[in-house]
Amino acid sequence: MSQYHLAQSLYAYDGQRKYLTEVERRRFLEAAEAAEGKVRTLCLTLAYTGCRISEALNLTANDVQPSSALIAIRCLKKRGKLVVREVPVPTVLLEALEAVHHLEQQGTSPDTPSPLWPWRRTRAWRLVKDVMEAAGINRKRRLQATLLRTGCAG
């Protein structure tokens, strides 16, 4: 792949970056750390895994594998095929998920596991956008969840 093509894919047709810069990403993570429990864990999950917001909202306690430092993410854009990505995540995310969602207790429940976050996509995106704004991430174009989709390996 040529450097031109790679650089071109980092930018939208209007010249705006499609993804956060390293400085913006750091500010987003700092703002996420200051957010309330479930908002914090959702933002950290998006930032560290690069998953889509709807993929994050489908995660359950069973998808988090602390002993392997992985999160198993079911891909939602594979047209009916079951595709699971196992994404390595940092300890800081695993500790936050355990502290807020009590994964160990949920994982031993005989019931069907419930999603980690209670929100629908629109509400969740509004909460993530609030964290982006708190981080001072201002874009001429509107803020979009895809800004968090690259540079996800903390």
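Throughout this tour, a residue is called buried under 20% relative accessible area, exposed over 50%, and partly exposed in between (1.4 Å probe, protein chains only). What you have open is a predicted model, in which local features need pLDDT of at least 70, side-chain atom pairs count only at pLDDT 80 or more, and totals for chains, interfaces and linings use all residues. Residues are numbered from 1 along each chain as its sequence is written, and side-chain values use heavy atoms, with hydrogens and water left out.

**Stop 1: the whole chain**

Start with a cartoon view of the protein chain. You should find 7 helices and 3 strands; helices (H or I, at least four residues) and strands (E, at least two) are DSSP runs, numbered from the N terminus. Walking along the sequence, the order is α-α-α-α-β-β-β-α-α-α.

Now switch on the surface. The accessible surface is about 9200 Å², and carbon and sulfur atoms account for 51% of it; such areas come from the Shrake-Rupley method with a 1.4 Å probe, and for residues, only the protein chains shown count as cover. Of the 154 residues in the chain, 42% are buried. A contact here means heavy atoms within 4.5 Å. Among contacts between residues at least 6 apart in sequence, 57% join residues at least 24 apart.

**Stop 2: the nonpolar core**

Hide the surface and select F28, L42, W117 and V128. These are the residues that touch the most other members of the largest nonpolar core, which has 41 residues. Two or more residues of this core come from each of helix 2 (22–34), helix 3 (37–49), helix 4 (53–57), strand 2 (70–74), helix 5 (91–101) and helix 7 (121–134). Helix 3 gives the most, with 7 residues. A nonpolar core is a set of buried Ala, Val, Leu, Ile, Met, Phe, Trp, Tyr and Cys residues joined through side-chain atoms within 4.5 Å. In soluble globular proteins, nonpolar side chains tend to be buried together.

Keep F28 selected and show what surrounds it. Beyond residues up to four places away in sequence, F28 touches L20, C43, A47, V128, V131, M132, A135, I137 and L148.

**Stop 3: helix 4 and two cysteines**

Next, pick I53, which sits in helix 4. I53 counts as buried because its relative accessibility is 8%. Leaving aside neighbours within four places in sequence, its contacts are L46, R121, A124, W125 and V128. A distance to try in your viewer: the C-alpha atoms of I53 and C43 are 9.4 Å apart, for two residues 10 apart in sequence.

Move along helix 4 to E55. Is E55 buried or exposed? E55 is buried, since its relative accessible area is 1%. A polar atom of the E55 side chain lies 2.9 Å from the backbone nitrogen of R52.

Now colour C43 and C51. C43 is buried at 0% relative accessibility, and C51 is buried at 4%. How many disulfides does the structure hold? The count is 0, where a disulfide is a pair of cysteine sulfur atoms within 2.5 Å.

**Stop 4: the sheet**

Select the strands. The 3 strands make an open, antiparallel sheet in the order 1-2-3. Strand 1 (64–65) and strand 3 (84–88) are the edges, each pairing on one side only. Two strands pair if DSSP finds at least two bridges between them.

Strand 1 and strand 2 are joined by 2 bridges: V64 partners I71, and Q65 stands opposite L70. On the other side, strand 2 pairs with strand 3 over 5 bridges in the antiparallel sense; here L70 has P88 as its bridge partner. Strand 2 is mostly covered, with 4 of its 5 residues buried.

**Stop 5: two positive phi angles**

Most residues other than glycine have a negative phi, and most peptide bonds are trans. With that in mind, zoom in on A69, in the loop between strand 1 and strand 2. This is the turn of a hairpin with 4 residues between the strands, and the phi of A69 is near 55 degrees, a positive value. A69 counts as partly exposed because its relative accessibility is 26%.

Finish at H102, in the loop between helix 5 and helix 6 (103–107). Phi of H102 is also positive, near 50 degrees. With a relative accessible area of 41%, H102 is partly exposed.

Terms used
A polar contact is a pair of N or O atoms within 3.5 Å; within protein, one must be able to donate a hydrogen and the other to accept it, and residues adjacent in sequence count only if both atoms are side-chain atoms.
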